[in-house]
Amino acid sequence: MDILDAIGNTSLVRLRKVVPPGCADIFVKLEGENPTGSTKDRMARAVIARAEADGRLKAGDTVVEYTGGSTGTSLAFVCAARGYRIRIVSSDAFSREKLDHMAALGAELTLVPSEGGLTTKKLILDMIEVARGLSREPRTYWTDQLNNRDAIAGYHPLAEEIWSQTKGEIDAFVHSVGTAASLRGVAAVLKRYKSGVRVVAVEPAESPVLLGGQPGPHKIEGVGIGYVPPLWEPALVDKILPIPTEDAKAMARRLAREEALFAGTSSGANVLASIEVARKLGPGAKVVTLMVDSGLKYLSTDVHGRR
């Protein structure tokens, strides 16, 4: 068995304590069970495999990407398994654990300074420009996650797992938006199986650009890039819910203490939005969301670190 075969087939469990009475059941997919502790392993395997298949990436080439950390870690993991050099553009806005994990897997890091450790539109655009410069070097493949449609297909198996594990009994799928590839990949498959499945997108309340608002700084790592991502497909989305950073952090802590589920801030946002959806759907319905990554990625932050 290849190490890349360890990606996927993650557990689905029902939340028992944080969901108020009178709500639909909420199930969470434990994506922290993937090899690097994040759902991004799925897209990393897909974008590398597809680039190899059509010749964009060849033996001896270098992979380049800009990332808040989880995508970079997953790409570094896949590149280590497949034998590619990888160069990552990231920032001090993202947790020390993510940066260290990428480096441990062999990634060469270039860090772009942030404004006070916050995710902003300017930071994302600055990171992209640095990556663009690196991508001009010979024998380099830039995965360019915000524009790479190969990532969408990486999440089709995730949707198949959800459909199988719920036996088709799913009424809503709720998920936060970074590149939008995971939401789009899952939503397309679920709606093909059952057109009535409600798909709810989640974004930081401080930067509600999907709702038509102004971009703003926030601290929900990996989501809310400050502008509408190129892979966003509004036709697949039934509702968009904004969740404040501090509320998402608080829910991430509650999940650890009350549900024994150790995950990051975007997972907290996913659960808060899922509760809102579950409240409207009521008892008997089923809502599915993702525990996007492991809380081990946030021990140096104020989410799970000692305060």
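A nonpolar core is a set of buried Ala, Val, Leu, Ile, Met, Phe, Trp, Tyr and Cys residues joined through side-chain atoms within 4.5 Å. The model described here is predicted, and its largest nonpolar core has 50 residues. Within this core, the residues that touch the most other members are Ile48, Ile86, Ile162, Phe173, Leu183, Val186 and Trp232. Helix α7, which covers residues 181–193, gives the most to the core, with six residues. In soluble globular proteins, nonpolar side chains tend to be buried together.

Phe173 can serve as an entry point to the surroundings of this core. Leaving aside residues up to four places away in sequence, Phe173 touches Ile162, Leu183, Val186 and Leu190. The contacts of Phe173 also include the run of Val197, Arg198, Val199 and Val200, together with Val288 and Leu290. Another core lies apart from the largest one and has 30 residues, including Leu30, Ile220, Met251 and Leu261.

The next topic is enclosed space. Over the whole structure, a search finds four cavities of 30 Å³ or more. The largest cavity holds about 410 Å³ of space. Its lining consists of 32 residues, and those nearest its centre are Lys40, Gln145, Gly178, Gly222 and Val223. At least two lining residues come from each of α2 (70–82), α4 (121–135) and β7 (172–176). By class, the lining of the largest cavity is made up of 17 polar, 11 nonpolar and four charged residues.

The second largest cavity holds about 60 Å³ of space. Val177, Gly178, Glu203, Pro204, Ser207, Val209, Leu210, Gly224, Ile225, Tyr227 and Pro229 line this second cavity. In its lining, seven residues are nonpolar, three are polar and one is charged. Gly178 is named in both linings: it is one of the residues nearest the centre of the largest cavity, and it also lines the second largest.

Helix α3 shows how burial is arranged around one helix. In α3, which spans residues 96–104, the buried residues are Lys98, Leu99 and Met102. They lie on the same side of α3 because they cover an arc of only 100 degrees around the axis. The elements that cover these buried residues include α2, β4 (85–91) and β5 (108–112). Helix α2 thus appears in two places, as a supplier of residues to the lining of the largest cavity and as part of the cover over α3. After α3 comes Gly106, which has a positive phi, near 105 degrees.

Technical notes. Residues are numbered from 1 along each chain as its sequence is written. This is a predicted model: local features need pLDDT of at least 70, side-chain atom pairs count only at pLDDT 80 or more; totals for chains, interfaces and linings use all residues. Side-chain values use heavy atoms; hydrogens and water are left out. Buried means under 20% relative accessible area, exposed over 50%, partly exposed in between (1.4 Å probe, protein chains only). Helices (H or I, at least four residues) and strands (E, at least two) are DSSP runs, numbered from the N terminus. Contact means heavy atoms within 4.5 Å. On a 1 Å grid over the protein atoms alone, a cavity is a set of points where a 1.4 Å probe fits but cannot get out, and a pocket is an open set with protein on both sides within 12 Å along at least five of seven lines; lining residues have an atom within 4 Å of a point. Grid points are joined across faces, edges and corners, and a volume is the space filled by probe spheres set on the points. Ala, Val, Leu, Ile, Met, Phe, Trp, Tyr, Cys and Pro count as nonpolar, Asp, Glu, Lys and Arg as charged, and the others, Gly among them, as polar. The arc is that of the directions from the helix axis to the C-beta atoms.
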